[in-house]
Amino acid sequence: MTKQPEDWLDDVPDNENEDEDDEIIWVSKSEIKRDAEELKHLGVELMELGKNALEKIPLDDDLRAAIELAQRIKKEGRRRQIQLIGKMMRSRDMDPIRQALDKLKNRHNQQVSLFHKLEALRDRLVEEGDEAMSEVLRLYPQADRQQLRVLIRNAQKEKAANKPPKSYRQIFSYLRELAEAQES
């Protein structure tokens, strides 16, 4: 039985019942390169984290080892290790890693913001004295008024005598302790 020229159509699969999920999505070469570059930058961010911060990121053992090695390498070897980290990251689910990294960054930004507020409050306490004390007691009801007064008075004396700002720093430390105790 020889095939007629029209019989070749019998071998072609019928596309009418094909699901839309089976549709091929074409990705440009430029987009693939952008994604790879973005993963390398993410790898560099992970590499710049400290050991404690890196432990909070959900990484598998191979990727963690590659990042820790990259932290120890210098110059050209470092660039090649970053390339390897980027390549390793292509085959992993990056959403949990990105979320953990964003959480770390956000926590850091919140802490910096809190420190700026505490520094401004400390400056007001030293400049205004008891007038700014009411704001501190409103924000932190557990604050020891007498201890704060002594620190403020000492900071003002140190400033007037051009001495090192020991009490000035102690006020900030005390305010930070109050803020951390309130968060807990």
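**A chat about helix α6, two positive phi values and a ring pair**

Analyst: Asn162 lies in the loop between α7 and α8, and since this is a predicted model, what I say about that residue and the others is computed from the model.

User: What about the phi of Asn162?

Analyst: Although Asn162 is not a glycine, its phi is positive, at about 60°.

User: And is Asn162 buried or exposed?

Analyst: Asn162 has a relative accessibility of 73%, so it counts as exposed.

User: Which residue in helix α4 should I look at for phi?

Analyst: Look at Lys75, which is not a glycine and yet has a positive phi of about 55°; Lys75 lies in α4, the helix that covers residues 75-90. With a relative accessibility of 75%, Lys75 counts as exposed.

User: Changing topic to α6, which residues are buried there?

Analyst: Helix α6 spans residues 130-139, and within this helix Ala132, Met133, Val136 and Leu137 are buried. These four cover an arc of only 150° around the axis, which is why they end up on the same side of α6.

User: OK, and what does the face turned away from that buried side carry?

Analyst: That face of α6 carries Glu131 and Arg138, and these residues are exposed.

User: What covers the buried residues of α6?

Analyst: The cover includes three helices, namely α5 (95-128), α7 (145-160) and α8 (166-183).

User: How do α5 and α6 pack?

Analyst: The axes of α5 and α6 are 7 Å apart, and the two helices pack at an angle of about 145°. On the α5 side, the contact is made by Leu121, Arg124, Leu125 and Glu128, while α6 contributes Asp130, Glu131, Ala132, Met133, Glu135, Val136 and Leu139.

User: How many of those contact residues are nonpolar, polar or charged?

Analyst: In the contact of α5 with α6, six residues are nonpolar and five are charged, with no polar ones.

User: New topic: how many aromatic pairs are there?

Analyst: The count comes to one aromatic pair. Phe115 and Phe172 form this pair, which is edge-to-face, with 5.6 Å from centre to centre and 75° between the planes.

User: Where do the two rings lie?

Analyst: Phe115 lies in helix α5 and Phe172 in helix α8, so the pair ties together parts that are 57 residues apart in sequence.

User: And how accessible are Phe115 and Phe172?

Analyst: Phe115 has 26% relative accessibility and therefore counts as partly exposed, whereas Phe172, at 12% relative accessibility, counts as buried.

Note on methods:
Residues are numbered from 1 along each chain as its sequence is written. This is a predicted model: local features need pLDDT of at least 70, side-chain atom pairs count only at pLDDT 80 or more; totals for chains, interfaces and linings use all residues. Side-chain values use heavy atoms; hydrogens and water are left out. Buried means under 20% relative accessible area, exposed over 50%, partly exposed in between (1.4 Å probe, protein chains only). The arc is that of the directions from the helix axis to the C-beta atoms. Contact means heavy atoms within 4.5 Å. Axes are lines fitted to C-alpha atoms, for helices over the stretch in contact, and angles run from 0 to 180 degrees between N-to-C directions. Ala, Val, Leu, Ile, Met, Phe, Trp, Tyr, Cys and Pro count as nonpolar, Asp, Glu, Lys and Arg as charged, and the others, Gly among them, as polar. Rings of Phe, Tyr and Trp (its six-membered ring) pair if their centres lie within 6.5 Å; planes under 30 degrees apart count as stacked, over 60 as edge-to-face and the rest as tilted.
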